[in-house]
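Thanks for coming. I'll put the model up and talk through one sheet and then the internal cavities.

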Amino acid sequence: MKTSNLFSKWGTFKKGMDAESIQISFANHLQYSLSKDQYTATLRDLYHSLALASRDRMVERWIRTQQMYHDHDMKRVYYLSAEYLMGRALINNLINLGIYDETKKAMNEINIDLDEMAEMEPDMGLGNGGLGRLAACFLDSLATLEIPAHGYGLRYEFGIFDQIIRELSQVELPEIWLKYPNPWEIARPEYSFIVRFYGRVKQTILPDERLATEWVDTSNVIGIAYDIPVCGYGNNTVNTLRLWSARATNEFDLEYFQGGDYFKAVEEKNISENISKVLYPNDQFFVGRELRLKQQYFFVSCSIQDIVRRYLTKHASFDQFPDKVAIQMNDTHPSLAIAELMRILLDVHGLNWEKAWDITRRCCAYTNHTLLSEAMEKWSLSIFGNLLPRHLAIIFEINRRFLREVSACCIGDEDRLQRMSIIEEGEEKKIRMAHLAIVGSHSVNGVAELHSRLLREQEFKDFDDMYPGKFNNKTNGITPRRWLLASNFKLANLLTKQIGSQWPGDLEQLTNLGSLAGDKIFQKAFGDVKRHNKEHLAKIVMDLTDTVIDPGSIFDVQVKRIHEYKRQLMNIIRVVYCWLKLKDSAGLEWYPRTFIFGGKAAPAYHTAKMIIRLICHVAEMINHDRSTNDRLKVVFLPNYRVSLAEKIFPAADVSEQISTAGFEASGTSNMKFALNGALTVGTLDGANIEIMEAVGKENIFIFGLNAEEVQALRPHYNPREYVHKDPYLEKTIDLIRTGLFNPEEPDLFGPLIAQLLSDDRYMVLADFEAYHQCHLLVDQTYRNTNGWIQKAILNIAAMGRFSSDRTILNYNRDIWHASPLKIGREASAD
């Protein structure tokens with residue numbers, strides 16, 4: 001590493017965008033921030049120094065952005081999300097800053113491999129599935145579109161978990177993503193807020209006969225802000241992701257310590273800091289449920305207090321609050337924002353109920369992400385009332401007034417009152433958080449056309465009848481900066497060569513590829529890029545699983561959170577089904593195929609973890625079968641995350657989007673695969689429908705029951721009938737059940753198969769034949785190489801409408817109404 005000459009380049013700490021300035025900045029940080037030189041620096045030190053050098057170039061823009069928002073008194077969008085699946089930041093930030101090429105040049109000149117260095121960065125452990133990745137894409141688009149915005153979330157010390165496969169089973173390890181300092185975050189202890197729990201509600205009649213309410217005798221925690229800059233692409237905007245970390249109000253009790261009770265001396269610190277310790281604690285037990293509710297309220301309370309603080313720096317009353325504040329709740333996790341904003345307006349600032357409620361409803365908007373009734377968050381009154389007694393009283397009052405409104409609208413309809421009430425009656429009364437979010441918001445949106453329609457027609461029909469126009473659709477999107485420009489350099493360069501360099505900021509320009517889809521020269525270049533990406537992924541698969549896979553085979557990929565409705569089980573059953581046919585039919589036409597799975601199962605989700613075990617057991621046997629393993633391989637990639645996904649999507653040929661129709665809200669991996677030239681095998685579910693409309697039915701493989709057919713079949717569905725119709729399927733199911741793939745524990749998968757045969761809620765067996773026939777068509781189509789590549793290019797060309805930029809523009813047009821601001825010169829600080 002030729003870095004010795006860098007340390008002789010003294011002078012001004014440059015923040016220029018050229019290679020020399022980047023080198024000097026990098027060397028300065030290595031020496032003065034990390035106290036290392038070219039002899040002692042590790043690869044991680046080099047990454048950290050370059051990250052700091054990159055951050056320097058964001059900070060000036062960041063300060064200027066916040067100054068101008070303040071000076072222009074801009075309406076701001078506040079995006080509240082329990083998750084942000086950010087991935088790695090270095091390469092993405094270099095691209096958005098416009099200095100990737102100069103940085104690569106700077107590192108090459110001193111014999112440092114930028115890509116190897118970037119691998120030192122851990123994924124930020126702030127999210128799990130699509131909900132968190134969507135939030136991250138939205139932050140990127142908000143900054144790129146120059147919309148004044150702040151993200152709010154929790155600074156989890158540990159992420160969901162690191163997944164390893166041990167003895168063919170998922171094992172969870174702590175995701176220690178903060179083991180080393182995070183160079184992207186800046187602590188803001190000056191922005192700290194008291195968050196209260198437990199206690200009681202005290203009411204006093206004032207001399208003017210007004211009722212004053214106080215929340216007293218509380219147990220308090222401090223929320224400390226940590227800020228991460230979010231850089232827009234091709235502009236000077238840098239927005240903020242503010243994360244909250246919990247600290248004790250009294251971290252160390254000297255009296256206990258001096259008395260020899262050393263554990264008691266730090267007990268309060270440990271209890272308080274558990275709040276931001278881990279993403280989604282196991283809520284199978286009371287302590288876990290209470291901690292999860294604590295997390296949600298802690299993050300919401302800090303965020304709402306911060307929003308109010310910022311507003312009051314420019315305003316003496318709350319009259320303009322809805323004109324300056326748009327709060328978007330990403331699913332029900334932040335829905336306590338409604339009760340917390342009401343508490344602050346009522347108890348802290350003395351507004352009357354009517355004005356406080358009007359302000360709250362005009363500011364708040366709610367995005368629903370699920371049709372699964374069990375995923376609609378509910379909290380028992382006993383837990384909620386003990387932890388948040390003031391908020392329970394506020395919710396009771398919201399519900400009382402709301403039910404009066406319903407009664408006036410639908411006189412005598414007691415069933416409707418029960419269905420719509422925020423409080424669910426039953427053996428254990430519960431608060432329906434989705435109902436609170438709907439009642440307290442001026443907008444409720446789904447995330448795909450089908451999902452939004454089902455919300456209006458089924459799940460929340462009563463609310464849609466009562467509030468026509470409140471429900472709307474905002475189909476999800478993905479940022480092309482990360483999911484093509486940063487993760488698939490060779491394809492991005494090929495596209496830029498053909499259609500120019502503007503497409504990352506205007507994805508609709510991809511339509512210009514349509515005329516090239518049949519061009520043999522372009523098809524050859526595209527095929528070469530795909531082959532390169534598949535070879536790269538094959539090396540990663542070898543490193544992770546010790547399995548050799550053939551880059552010439554079809555890469556058939558299903559990577560996503562493991563859940564029964566996503567039907568990884570149907571996929572692996574078909575793998576076994578095809579394996580048996582291959583073994584029995586030497587002349588069977590079968591294009592070599594590699595089935596690639598990945599995804600995490602929630603630690604307490606037994607069935608999902610059993611599906612992972614089945615995939616791994618099947619892979620072990622099939623991959624060692626010399627009669628077929630040149631034509632069929634199965635791999636399960638452990639610890640699926642953003643940085644791994646960025647290597648998988650560019651290499652995929654087939655994208656498995658096979659959820660039971662009516663269960664997937666949208667999905668975004670379907671968009672990422674298609675943007676990288678994979679063809680979709682999917683059901684008429686979520687955004688698959690809109691992808692089909694965009695790419696054309698001839699360029700996608702659709703199969704199975706639609707949402708209405710699923711509901712119609714359910715009352716008289718007998719899964720065993722479908723098994724008995726197909727001898728190979730019957731044999732497949734029986735071999736799994738009786739332990740062919742796990743002779744040491746032959747009964748291991750018996751309960752999984754028994755559940756499938758008796759209660760196939762997600763219609764795996766009903767859709768199996770259609771799924772198999774669909775894949776026979778895939779096999780046939782893939783044999784025509786140019787025809788397949790043409791379809792892949794047409795998929796890419798149709799992806800413009802699935803940019804998160806388009807999604808954010810629609811949110812802003814219909815819900816937020818925030819004016820973009822082009823960042824100029826400095827102004828006074830916020």
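Phe597 stands opposite Phe636, and Phe636 belongs to strand S19. Before I go further: this is a predicted model.

The strand that pairs with S19 here is S18, residues 593-598. S18 and S19 run parallel and are joined by six bridges. In general, strands of a sheet pair through backbone hydrogen bonds, either parallel or antiparallel.

Now the whole sheet. It is open, has six strands, and the pairing is parallel. The order across it is S19-S18-S17-S20-S21-S22. Which strands are at the edges? They are S19, residues 632-637, and S22, residues 701-702, and each of these pairs on one side only.

Two helices lie across this part of the sheet. Helix H22, residues 520-545, lies across S17 (554-559), S18 and S19. Its direction is at about 70° to S19. Helix H24, residues 606-623, lies across S18 and S19, and H24 runs at about 140° to S19.

On to the cavities. How many of 30 Å³ or more does a search of the whole structure find? Five. I'll take two of them.

The largest cavity has a volume of about 200 Å³. It is lined by 18 residues, and the closest to its centre are Met86, Asn92, Asn93, Val230 and Arg482. Three elements give two or more residues to this lining: helix H3 (90-97), helix H6 (130-144) and strand S8 (219-231). S8 has the largest share, with four residues. If you care about the chemistry, the lining of the largest cavity splits into nine nonpolar, five polar and four charged residues.

The second largest cavity has a volume of about 130 Å³. Of its 15 lining residues, those closest to the centre are Asp73, Met74, Arg76, Arg310 and Tyr311. Helix H2 (43-71), strand S1 (76-80) and helix H10 (286-312) each supply at least two residues of that lining. Which of the elements provides the largest share? That is H10, with three residues. By class, the second lining has six nonpolar, three polar and six charged residues.

To recap, the sheet has six strands with parallel pairing, and S19 is one of its edge strands. The two cavities I went through have volumes of about 200 Å³ and about 130 Å³. I'll stop there and take questions.

How values were computed:
Residues are numbered from 1 along each chain as its sequence is written. This is a predicted model: local features need pLDDT of at least 70, side-chain atom pairs count only at pLDDT 80 or more; totals for chains, interfaces and linings use all residues. Side-chain values use heavy atoms; hydrogens and water are left out. On a 1 Å grid over the protein atoms alone, a cavity is a set of points where a 1.4 Å probe fits but cannot get out, and a pocket is an open set with protein on both sides within 12 Å along at least five of seven lines; lining residues have an atom within 4 Å of a point. Grid points are joined across faces, edges and corners, and a volume is the space filled by probe spheres set on the points. Ala, Val, Leu, Ile, Met, Phe, Trp, Tyr, Cys and Pro count as nonpolar, Asp, Glu, Lys and Arg as charged, and the others, Gly among them, as polar. Two strands pair if DSSP finds at least two bridges between them. Contact means heavy atoms within 4.5 Å. Axes are lines fitted to C-alpha atoms, for helices over the stretch in contact, and angles run from 0 to 180 degrees between N-to-C directions.
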